[in-house]
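Hi,

Here is the structure for your files. My notes follow below it.

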Amino acid sequence: MKSTLFFVPALCLAALTVGSVTAEDAKAKPHPTGYTDTPFLPGDKWRVHDDTRPRPEVITPGATASEAPSDAIVLFGGKDLSEWTTEDGKNPAGWTVKDGYFEIPPKGEGSGTIATKRAFGDMQLHIEWRSPAEVKGDSQGRGNSGIFIMENYELQVLDSYDNKSYADGQASALYGWKPPLVNACRKPGEWQTYDVIFEAPRWDEQGKQVKKAYITVIHNGVVTQNHMEYLGGTGHKKVAQYHQHPDKLRLKLQDHGNPVGFRNIWVRELNLASQD
Ligand code: MG
């Protein structure tokens, strides 16, 4: 018993000594910021942990996942539609701006699909939407809109909460092609988020397609499309097809005759081809 009492404090003292020596060592010997003697990555100009490899640009993220980071282009920040026009690009967008959001108006009162003034290719897109709190209509007639990326590739917006409609027409579907992995729709009238990563299709100089369009979608925090290719430009009751188009095109929001609301829209342009 006596010897046990002696050894326990002795062991504790030994542990403390070891701990303090380790801390001292860390202080005296800073961690390397990188290496110049490690093997090269396969087919690459950089070594593993290369100290000369350029560090990523520093940006400031939004305070929440809904808020725009410092390098984003804000397409709607709550006040006006100055970044948007009518579909033909000739007039200011006429949708109704209310308390921090905007909404598809009744027919004839500024209605019709709208488009951004700017054009985009590869991008990260954040957009929030809500279907009308008062449920009217059914299937594709209920809370229908859509986000046409590069004017061609629809990410469907629909009130898919307890609303039976075809699988490839649900909220978060690549309309007419791929249903979402799950139905993550919130109730009518509740704000919903889409966080999207989109890769633009590409053609070579001879007009041969060398890459399809790809999309990843997170709907209300849930993955609903994972790096899914688009079959082509979206159509209704027909198989989608690609048609060669410029490297950058506008975003469009579809007017399908239902008063769907939108808010907090921002885009980060991505230059994926140049990632070093
Ligand atoms: Mg639609």
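Among contacts in the protein chain between residues at least 6 apart in sequence, what share joins residues at least 24 apart? The figure is 58%. Here, contact means that two C-beta atoms, placed from the backbone, lie within 7 Å.

Two points on reading this. The model is predicted: local features need pLDDT of at least 70, side-chain atom pairs count only at pLDDT 80 or more, and totals for chains, interfaces and linings use all residues. Residues are numbered from 1 along each chain as its sequence is written.

The protein chain has one helix and 15 strands. These are DSSP runs, numbered from the N terminus: helices are H or I with at least four residues, strands are E with at least two. Of the 276 residues, 29% are buried. Buried takes 20 or more other C-beta atoms within 10 Å of a residue's own, exposed 12 or fewer, partly exposed in between; C-beta atoms are placed from the backbone.

**The sheet**
Five strands make an open, antiparallel sheet, ordered S2-S5-S14-S7-S8. Strands S2 (84-86) and S8 (153-157) are the edges, each pairing on one side only. Pairing requires at least two DSSP bridges between two strands. S7 (residues 145-149) and S8 share five bridges. One of the partnerships is Ser-145 with Val-157 in S8.

**The loop**
Pro-39 sits in the loop between helix H1 (2-28) and strand S1 (73-76). Pro-39 counts as exposed because it has 8 C-beta neighbours inside 10 Å. Beyond its neighbours within four places in sequence, Pro-39 contacts Arg-47 and Val-48. The C-alpha atoms of Pro-39 and Asp-50 are 9.3 Å apart, with their positions eleven residues apart along the chain counted as separation.

Best wishes
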